[in-house]
Amino acid sequence: MNLSLHPSVGVARLGNSKTDICLSPESIGGLPFDADSSGNSLGPISTFKDSIGLVKRQGQPFKIFQADGKEVTLDSPNVASISWTVHLASKKAAWYNYSELQGNLLYGQDNSYKNQKIAFRNPKIPEAKRQSLLVDPGPRTVAGRQKKIGFSADKAPANYPVQYPPATVKYGVAVTTLGDLLTDKAGRLVVLGGYGNAGGDLALTSYGGSSTWHDDISDGPVYCTITFKTGEPPVTLSAWVVVGSPDFAPEIVNISNLSDTMFDVGVRYFNLVPEMYAKGAWNKQYMANFQRDILPIINRIGRYQWVANVQPMAAFASNIFDFTDPSPANKQNRQNYLNYFRQNDAQPPVPPNLPQEQLFKTNGTSIFPMMPLNSGSNSVSNINIMKFLSLDETQLFLLQQWADGHFVSDPAYKPYPVHPLDAASVGNCVGLPMCPGIEVTWNMQNPAVYASPYRIRQHGNEASYQQHGLTPSRDECEGGGCEPGDLTKRMACPWQADFFQCTIQYVNFTNPAVNKVKNPDGTSAPLPPTYYTYWWPPQSPWDVLVGEFTAEGQQATGVPAGQQLNYARGINSFTQMVQYWYALGFIRDQNASSQGFPFMVETERNNELFTVEEVPVSQISNNQQDSETTIPVFFITQSKSEVKTRSVKSKMLMEHFETHVFKAIEIAAEGLEEPRSGTRIRQ
């Protein structure tokens, strides 16, 4: 029987609710689904948090399909049983330090971690003992209807070389599980990740990977075995799952998302669409489709305004001419529009043709920022610089076809040969920039990690893992496929760094060879002049509209509805972000009707935890004439008893804290590394 398992790469997301879960969206830019405790879908999501304000874990369902598209479950008449095995692991603590694009083998073997002399995280642990740094609970198997098993150490299979960090830590919260496996009433698998915990025994020294620290971000293979009542041989299928951070703005899609990245790899390396690209060359006669290939890019650019203060991008997405008109008379408009999209740097970058180091399109004295107006994959350090974002090669080719008039405008288009669930799961993740990213990073641009389009190549098998465990320092980009933990090991630890540091960047736009310079005191800073640029605001928002429309809500926020404020206001340190990440709001469309204009506002923020005060400017200037102007200052009060009195919900939150046993985090005496973002100003 010809069966397939989807999504090919599923995405579950962390949450700290112990009672409520939801299920991942089934479309790009779609909302999750509420679910019961067994993973049975209950319909579109109502709230992203539970009754006391804790974030629901987002589970990834996996489904089996016949060639005709019909789903196979335990309710199918010829199915005797369905057994699922998943192996989640985290390799972060054993991997190399975060190093922007150093280590990326798409830049050549000279750019390997070893050749670039990048240090390991936890450098004092010798190579022979680095396997002990992994979080590897081994595989878990579940079968039948409405079953459950966890990834805690006590549920490990017999004789597996389990690796788990200490069950108690000095700072933060220990990682004691990577999540759970569920089966719903029809025997489908649902993978749930961990609870967003992070902890260690040494004071923090780094935003990206402090020694002794672990978190519960993970990834690994998914196996499925179907047996039949008819006596035909069992069928075994496989996929992959990534456990990422929460998606706080699920209806806003990255301009170049992870599905775009995988599609680009499939087109250029795996013959996915041979009529578009074959034998190393683009077909210049290929007919693009406006609704399928172009309109999503324009719409995504327009929607960034809800999570970032990007007026040029909002203007660029306006209908200044008829985008759907393929006529020669409209060609000049299309060509002019395309010229505002910057092209990709060569890999490795070779001066002087470095379009990703260029910010403005100029015409005499007229200037306008080139698109997309995001940071590139390295606007931070001075090695392998990539200052500003460009779309991937396939996106740029399709835009070129549109500009040249090789396109049709037909809403009833033929989809590409990618299963909708495969595209949807990763389509809600960051594709570009990758520095390192949010869910995964630039290894997803490398064909070496794929077995086929959208399918991860596996290195080893469960028998070899059972005998030897996982390898801590093998680079899957050298070939041979991935082990559990390989897709997420390059990400920051603690994971909350992505929501405190990876937000905006001051990017120099005049000198292609320099991002940062040394100050006289030895610190480094962005080389001026700079431009205020965003990383990945759909995943890590920066500027949002407050959405409290009731008197009670506005009393809690201290501000009127509709005011654009900093998303993380009130979380004023990295250690606070590690502890209070769940207090962040979810950005949601309040006008979601099919005929409505989008109205994306911040909802479900735990305002009860925050205090806001109007501070006169005179307190800073020491000039009493400045006392008539005030600045709102948001902060977390140290008095838990005060917070308890604010509402029933705040009382329950504080009681949760008292049982959660979060241990206050200290910063090392030498302080954290220099801030990665170009400013500490949260305005």
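Strands are DSSP runs of E with at least two residues, numbered from the N terminus. The legends below describe a predicted model.

**Figure 1. Surroundings of N111 in the loop between strand 8 and strand 9.** In this predicted model, N111 lies in the loop that connects strand 8 (79–86) to strand 9 (140–143). The relative accessible area of N111 is 5%; because buried means under 20%, this loop residue is classed as buried. Beyond its neighbours within four places in sequence, N111 is in contact with L101, Q102, G103 and N104, as well as with Q116 and N384.

**Figure 2. The whole protein chain, shown for orientation of the close-up views.** The protein chain contains 13 helices and 37 strands. Its C-alpha trace extends over about 85 × 70 × 55 Å along the principal axes. A compact globule of 683 residues would have a radius of gyration near 26 Å, and the 25 Å of the protein chain agrees with this. Of the 683 residues, 58% are buried. Where contacts link residues at least 6 apart in sequence, 71% of them join residues at least 24 apart. The accessible surface amounts to about 27000 Å², with 52% belonging to carbon and sulfur atoms. The mean positions of the 55 positive and 62 negative charges lie 4 Å apart.

**Figure 3. Helix 5 and the elements that cover it.** Helix 5 comprises the twelve residues 393–404. The distance from its first C-alpha to its last is 16 Å, close to the 16 Å expected at 1.5 Å a residue. Nine of the twelve residues are buried, and the helix is thus mostly covered. The buried set consists of T394, Q395, L396, F397, L398, L399, Q401, W402 and A403. These buried residues pack against helix 1 (258–269), helix 2 (290–303) and helix 4 (331–338), and also against strand 19 (281–282), strand 20 (288–289) and strand 25 (407–408).

**Figure 4. Helix 6 within its enclosure.** Helix 6 spans residues 420–427, and seven of its eight residues are buried, so the rest of the structure largely encloses this helix. The buried residues are L421, D422, A423, A424, S425, V426 and G427. Their packing partners are strand 1 (3–6), strand 2 (9–13), strand 6 (57–66), strand 27 (455–456) and helix 1. Helix 1 also appears among the elements against which the buried residues of helix 5 pack.

**Figure 5. S618 in helix 11.** S618 belongs to helix 11, which covers residues 618–621. With a relative accessibility of 8%, S618 counts as buried. Apart from its neighbours within four places in sequence, S618 is in contact with N623, Q624, D626 and S627. T629 is eleven residues away from S618 in sequence, and the two C-alpha atoms are 8.0 Å apart in space.

**Figure 6. H656 in helix 13 and its contacts.** H656 is located in helix 13 (residues 648–660). The relative accessible area of H656 is 12%, and this histidine is therefore buried. When residues up to four places away in sequence are set aside, H656 touches I52 and L54.

Terms used: Residues are numbered from 1 along each chain as its sequence is written. This is a predicted model: local features need pLDDT of at least 70, side-chain atom pairs count only at pLDDT 80 or more; totals for chains, interfaces and linings use all residues. Side-chain values use heavy atoms; hydrogens and water are left out. Helices (H or I, at least four residues) and strands (E, at least two) are DSSP runs, numbered from the N terminus. The radius of gyration is taken over C-alpha atoms; the globule rule is 2.2 Å times the number of residues to the power 0.38. Buried means under 20% relative accessible area, exposed over 50%, partly exposed in between (1.4 Å probe, protein chains only). Contact means heavy atoms within 4.5 Å. Accessible areas come from the Shrake-Rupley method with a 1.4 Å probe; for residues, only the protein chains shown count as cover. Lys and Arg count as positive and Asp and Glu as negative; His and the chain ends are not counted. The place of a charge is taken as NZ of Lys, CZ of Arg, CG of Asp or CD of Glu. The expected span of a helix is 1.5 Å times one less than its number of residues.
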